[in-house]
There are 2 protein chains.
Amino acid sequence: MNHAPRSIWTLARRTERLRPSSIREILKLTERSGVVSLAGGLPSPQVFPVEAVAEATARVLRDQPREALQYAPTEGFGPLREWIAADLATGGWMVPPSQVLITTGSQQALDLLGKVLVDPGSAVGVEAPTYLGALQAFAPYEPAWVTLACDAQGPLPDALATPSAGGTLRLAYLQPNFQNPSGRLMPGARRRALVDQALRLGVPLVEDNPYGELWFDAPPAPPLAALAGEGAVYLGSFSKVLAPGLRLGYLVAPPHLHARLVQAKQAADLHTSGFNQRVAFETVRDGLLQRHLPAVRARYKAQRDALIAALETELRPLGCDWTVPAGGMFCWVSLPGGLDADECLPHAVAAGVAFVPGSSFFVDGGGQGMMRLSFATAPAARMADAVRALAGVIRLAPSRHPTGMAP
Amino acid sequence: MNHAPRSIWTLARRTERLRPSSIREILKLTERSGVVSLAGGLPSPQVFPVEAVAEATARVLRDQPREALQYAPTEGFGPLREWIAADLATGGWMVPPSQVLITTGSQQALDLLGKVLVDPGSAVGVEAPTYLGALQAFAPYEPAWVTLACDAQGPLPDALATPSAGGTLRLAYLQPNFQNPSGRLMPGARRRALVDQALRLGVPLVEDNPYGELWFDAPPAPPLAALAGEGAVYLGSFSKVLAPGLRLGYLVAPPHLHARLVQAKQAADLHTSGFNQRVAFETVRDGLLQRHLPAVRARYKAQRDALIAALETELRPLGCDWTVPAGGMFCWVSLPGGLDADECLPHAVAAGVAFVPGSSFFVDGGGQGMMRLSFATAPAARMADAVRALAGVIRLAPSRHPTGMAP
């Protein structure tokens, strides 16, 4: 066998922007038994509706096997698109099914939006912190990142007007519901103010909503997209309410943009598995989610409560702080002055607990003193031990600013 | 509801390269009953191993439901990667499973390769004609197309040395087995000559092999990648041997390139459905394909024979010509002088038969006098009627060069 020199392959310039995900590298580490993962945003496997999926799958393969196993339209399976439009309508947002595009997880929706909307140098606004996967999806299209100033309610409307890279933002990427990683929920008044400002300035909004159904006490305000008309694209997902292993997400886009996204999707993977789309439709069509979601919410709320209780006991005395999320999967924790979460991580994994360092979620080098803790994966009974292990690591960690140096 | 002006969305420059696929637009037309489709490359649904898939699916959801429905590694399901490496080894090509990356159909592999390898202006060599889906996948990365001169055996080795755009080819994209659309099979000697030339010139090869298992009388020669070492990436697919609705393909790449492709895939869709990967593995692990493929080959061979017989009866007298493919799904037909296949298509669909015009498969405007006929989808018994309808359309079609004008 000949061995061509490595240099036979010339990489595209955009590959300089591709970076391995620390989340997924950590996930690999924590697959070994004995580590409690507060790292990945993995749904609790205890809440997968296994029986309902198994029954739906058996029906699909009994009643429509050849349709399910054949090539299918790029736009998605018609009845599933209709179900999604009807589901959004129950939240008060009317969209025609023709504006829905089924994607291979909502991660693919981010990739398609990057491909269709982002030129090298385009100003793309993101929250600080923001979802790591969105940074990864957009990065190869070489945007100029613009960090949007935020408060506890989300991005400040005026932040849309001040892109540091100059010119209008090509798009602003937002997660209004239980944001990954901050857990933040945007109130209705902030949503209205943001949409008004976006429409006034001509800033298109990309609204990502993977966690909206995971509310604990009250559902979130209606989506930005319901207020923004053709000024927003909306992303939804079956990963958190049904099962991520099916890789089913969707986007809702204005017609002329939808047509371009369909073309981009056709080039990217022809279509999302029609088998999985039919399985998902058969699983949810008779109202499974309405019956199933209360149990999911109750479990995550209990796990959040266990995590917060453990943080109070173990990390409050060390000077840590956090916000208490009203839904979703994540708690955002600040370390006491000078501690570096990236440096703590290997010690934490050695001590049997994993988290994601905050620096992963910033485009401009912030977040060293922050950690994202997921309360979705680990059962409530394990939270106390996990946080105790974390406290041990924090107690022993050297400050980034040793005594005697600048604070 | 506010209505933002359409211009709020600025499209990226690369979207100028996105074009709707005439194949898929035609597929939509031909979904109405009464049209015999010789257009799409859809496998015959009669050959889907429905029972085996149903049994495998039931096993997966009984024995490993929570693993199958959870997030999974980007690289793919380990046992499926090992199965693929073992399957390639039976053809004489030894690759470690770590070089296999599972993709969401082999279409996604093309997209990832475009993303990682193609800069705007990169010279990308393609056969003439070539696979339309590859043109669509690479196009948004803005390559400079280079048409490789071909004969009946495939691209001429010297064609790799003469990119009209200047400089070395960033990659050459080839389908050596029963090429889509020409049906051409590359003999072993040509493979060796092409690989030798590619290695000498430093031209990386992307070898796409969706149809290799669909041989009728003898299997094809070993893949180019088996000869080229780290000078080739190989693409395979479960769509033609198992079922396209699962959206399962794979690529085999040299380690340093594999790592980049994994990063690009993570950004594109995190991972391919772990449910589907486990279903596919459970379906094929005990040798199902070896038992199943002879029936698939026999059916496609019978359908090819029926198509060729109908062509002899109906189209030979009209001055058409074609080659007889030794496998795969496609027959490539030339129309008599001056006829334009694009102009014939709407008349053909009205007459109840669909095909894909040859111009879809060229980057430089060739192929107007050619048609791709698929013998995979329609049953043998319907070929005679379909080709008779086509003959009627050809008989009535106006020449592109009306009498009295230049030939």
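How many salt bridges does the rule find across the interface of chain B and chain A? I began with this question, keeping in mind that the model is predicted, and the count I came away with across that interface is two.

**Entry: the charged pairs at the interface**

I looked up one of these bridges by residue, and found that the side chains of B:Lys115 and A:Asp111 meet in it, with 2.7 Å from N to O. Turning then to polar contacts between chain B and chain A, I noted 41 residue pairs, where both residues have pLDDT 80 or more.

**Entry: what the side of chain B is made of**

I asked which element gives the largest share of the side of chain B that touches chain A, and the record in my notes is helix H9 of chain B, residues 255-269, with nine residues. When I sorted the residues on this side of chain B by kind, I wrote down 50 nonpolar, 28 polar and 17 charged.

**Entry: the extent of the interface**

The size of an interface is often given as the accessible area lost when the parts come together. For chain B and chain A I therefore noted a buried area of about 8300 Å², and I added that carbon and sulfur atoms give 60% of this area. Counting by residues instead, I found 95 residues of chain B in contact with 95 residues of chain A.

**Entry: how the two copies are related**

I next looked up how chain B superposes on chain A, and the answer is a rotation of 180 degrees with 0.0 Å of shift along its axis, at an RMSD of 0.0 Å. The two copies are thus related as by a two-fold rotation axis. I also checked the contact residues of chain B and saw that 100% of them recur in chain A, so that the same surface serves both copies.

**Entry: chain A taken alone**

For chain A I listed 13 helices and 15 strands. Its radius of gyration is 22 Å, close to the 22 Å that the globule rule gives for 407 residues, and I therefore entered chain A as being as compact as a globular protein of that length. Along the principal axes, the C-alpha atoms of chain A fill a box of roughly 70 × 65 × 50 Å.

**Entry: a salt bridge within helix H9 of chain A**

Over all chains I noted that the structure holds 34 salt bridges. One that I followed up joins A:Asp269 to A:Lys265, whose closest N and O atoms are 2.9 Å apart. Because A:Asp269 and A:Lys265 are four residues apart in helix H9 of chain A (residues 255-269), about one helical turn separates them.

Notes
Residues are numbered from 1 along each chain as its sequence is written. Chains are lettered from A and ligands numbered from 1 in the order in which they are written. Side-chain values use heavy atoms; hydrogens and water are left out. Contact means heavy atoms within 4.5 Å. Buried area is the accessible area (1.4 Å probe) that two parts lose on being put together, summed over both. A salt bridge is a side-chain nitrogen of Lys or Arg within 4 Å of a carboxyl oxygen of Asp or Glu. A polar contact is a pair of N or O atoms within 3.5 Å; within protein, one must be able to donate a hydrogen and the other to accept it, and residues adjacent in sequence count only if both atoms are side-chain atoms. Helices (H or I, at least four residues) and strands (E, at least two) are DSSP runs, numbered from the N terminus. Ala, Val, Leu, Ile, Met, Phe, Trp, Tyr, Cys and Pro count as nonpolar, Asp, Glu, Lys and Arg as charged, and the others, Gly among them, as polar. Copies are superposed by least squares on the C-alpha atoms of residues with pLDDT of at least 70 in both. The radius of gyration is taken over C-alpha atoms; the globule rule is 2.2 Å times the number of residues to the power 0.38.
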